[in-house]
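Trainee: I am new to this structure and would like a close look at one part of it, beginning at a single residue and working outward from there. Could you take me through it slowly?

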Amino acid sequence: MDKKGLIFDIQSFSVHDGPGCRTNVFFTGCPLKCRWCANPESWIKGKHIMFAGNMCKWDKGCRACEHVCSKEVIMFKEHEKPSIELNVCKECESFDCVNICPNNVFKQCVKDYTVDDIVKILRRDFNNWGPDGGVTFTGGEPLLHDEFLIEVLKKCRELQIHTAIETSAYAKEEVFLKVFEYIEFAFIDVKNMNREKHKEGTGVYNDLILSNIATLKKYKWGGRVVLRQPTIAGYNDSDENAYELIEFMNKNSLYEINLLKFHRLGETKWNQLGKEYEYHENGDVTQEKLEYLQQIYLNNNIACYVGDNTPF
Ligand code: SF4
Ligand code: SF4
């Protein structure tokens, strides 16, 4: 039987996720749980839904979804929009609510794709990429889908499609290296050099991430790595963190970093997934602070790009 990948989105015409114009393939499931995550719908490795309650027209008399759910997950009370127990939806096979709602309140987040499905989309987009573009595998965490991903990557190599990955590098070393054999360009997130702070912000220690990055030098991997740091005030915007990262980069012959500005684009999704978002007001980092940190890297011979101002 054909291998299948669980994918929550595919976006064409991306210009900030690797060289040139690219098609981004978003895998679902993530071993990290970053407290500021912009794609929390990617955390669940399986099909599920998001519920955009603010778009519900219950106040205009709609009750179209009232009896559609065989698991009786959708609850109606007097004078209130329906509520829903999202945890139960992970086991759903029908997703009947998605089809019945006339206002797109229910959104199925994840679909199965075969290797051929992905290749067909890449072939469709091929002429839009220009000479430098290609495909970027992102997520969620693409390394959680290593067997499927390697099949797709082999096809990309056959078709001479440029391959990039955005990853946390949080995977077994053998999985990491097997996938990287077919990758030409990698963004790897290093969220904090302090292992306790890394755990506090993401739910996991950074040891595995740092040791996987270090293996790239050990095995003379031939691609290009750009480290990425979503920069969050009070969490990883200190001079100390920058100097520790510079030392690590020098030791591992890495010379490029992209500092991303914290944003709240994921906040609505946290609500639609029934999760509490804790960065309503904190986390903002100023452009001046980012430029100050950038100067520290530049002074230490590391190419540092801020936000979308990158050469790729
Ligand atoms: S996803 Fe399935 S279980 Fe959840 S509300 Fe819709 S029909 Fe019911
Ligand atoms: S069908 Fe959609 S708009 Fe109508 S009550 Fe249900 S969730 Fe609301």
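Mentor: Let us begin with Phe 13, which lies in strand S1, and keep in mind throughout that the model in front of you is a predicted one. What deserves attention at Phe 13 is its backbone, for its phi is near 65°, a positive value in a residue that is not glycine. To judge that value it helps to know that most residues other than glycine have a negative phi, and that most peptide bonds are trans.

The strand that holds Phe 13 leads us to the largest pocket, since S1, spanning residues 4-14, is among the elements that supply at least two residues of its lining. S1 in fact gives the largest share of that lining, with four residues. The space in this largest pocket comes to about 1,400 Å³, and its lining is made of 48 residues, with Ala 38, Asn 39, Glu 166, Leu 260 and His 263 the closest to its centre. Sorted by class, the lining of the largest pocket holds 18 nonpolar, 17 polar and 13 charged residues. Besides S1, the elements that each bring at least two residues to this lining include strand S2 (22-27), strand S9 (162-167), strand S12 (256-261) and helix H10 (287-299).

From the pocket we can follow H10 to a neighbouring helix. In general, two packed helices are described by the angle between their axes and the distance between the axes. Helix H8, residues 239-251, packs with H10 at an angle of about 30°, and their axes are 10 Å apart. Angles under 35 degrees count as roughly parallel, and H8 and H10 are therefore roughly parallel to each other. Their crossing is right-handed, and the contact joins Asp 239, Ala 242, Tyr 243, Leu 245, Ile 246 and Met 249 of H8 to Tyr 292, Leu 293, Ile 296 and Tyr 297 of H10. By class, nine residues of this contact are nonpolar, none is polar and one is charged.

Two other helix pairs can be set beside this one. Helix H5, residues 173-180, and helix H7, residues 207-218, pack with axes 10 Å apart and an angle of about 50°, which makes H5 oblique to H7. H5 passes H7 in a right-handed crossing, where Glu 173, Phe 176, Leu 177 and Phe 180 in H5 meet Asn 212, Ile 213, Thr 215 and Leu 216 in H7. The residues of this contact fall into five nonpolar, two polar and one charged.

In the other pair, the axes of helix H3, residues 115-125, and helix H4, residues 146-158, come within 10 Å and cross at roughly 40°, which makes H3 oblique to H4. The crossing in which H3 passes H4 is right-handed, and on the H3 side Val 115, Ile 118, Val 119 and Leu 122 meet Phe 148, Glu 151, Val 152, Lys 155 and Cys 156 of H4. Here the contact has seven nonpolar residues, no polar ones and two charged ones.

H4 also takes us to another feature of the backbone, because the loop between strand S8 (134-138) and H4 is the place of Gly 140. The peptide bond that runs from Gly 139 to Gly 140 is cis, with omega near 10°.

Finally, there are cavities to consider in addition to the pocket: the structure holds two of 30 Å³ or more. The largest cavity contains about 150 Å³ of space, and among its 15 lining residues Cys 69, Cys 89, Cys 92, Ser 94 and Cys 97 lie nearest its centre. Helix H1 (86-89) and helix H2 (96-100) each give at least two residues to the lining of the largest cavity, a lining that divides into 11 nonpolar, two polar and two charged residues. The second largest cavity has about 90 Å³ of space, and of the 13 residues that line it, Cys 56, Cys 62, Cys 65, Pro 82 and Cys 101 are the closest to its centre. Its lining divides into 11 nonpolar residues, one polar and one charged.

Definitions and conventions. Residues are numbered from 1 along each chain as its sequence is written. Chains are lettered from A and ligands numbered from 1 in the order in which they are written. This is a predicted model: local features need pLDDT of at least 70, side-chain atom pairs count only at pLDDT 80 or more; totals for chains, interfaces and linings use all residues. Side-chain values use heavy atoms; hydrogens and water are left out. Axes are lines fitted to C-alpha atoms, for helices over the stretch in contact, and angles run from 0 to 180 degrees between N-to-C directions. Angles under 35 degrees count as roughly parallel, over 145 as roughly antiparallel, 65 to 115 as roughly perpendicular and the rest as oblique. A crossing is left-handed if the near helix is turned anticlockwise from the far one by less than a right angle, and right-handed if clockwise. Contact means heavy atoms within 4.5 Å. Ala, Val, Leu, Ile, Met, Phe, Trp, Tyr, Cys and Pro count as nonpolar, Asp, Glu, Lys and Arg as charged, and the others, Gly among them, as polar. On a 1 Å grid over the protein atoms alone, a cavity is a set of points where a 1.4 Å probe fits but cannot get out, and a pocket is an open set with protein on both sides within 12 Å along at least five of seven lines; lining residues have an atom within 4 Å of a point. Grid points are joined across faces, edges and corners, and a volume is the space filled by probe spheres set on the points.
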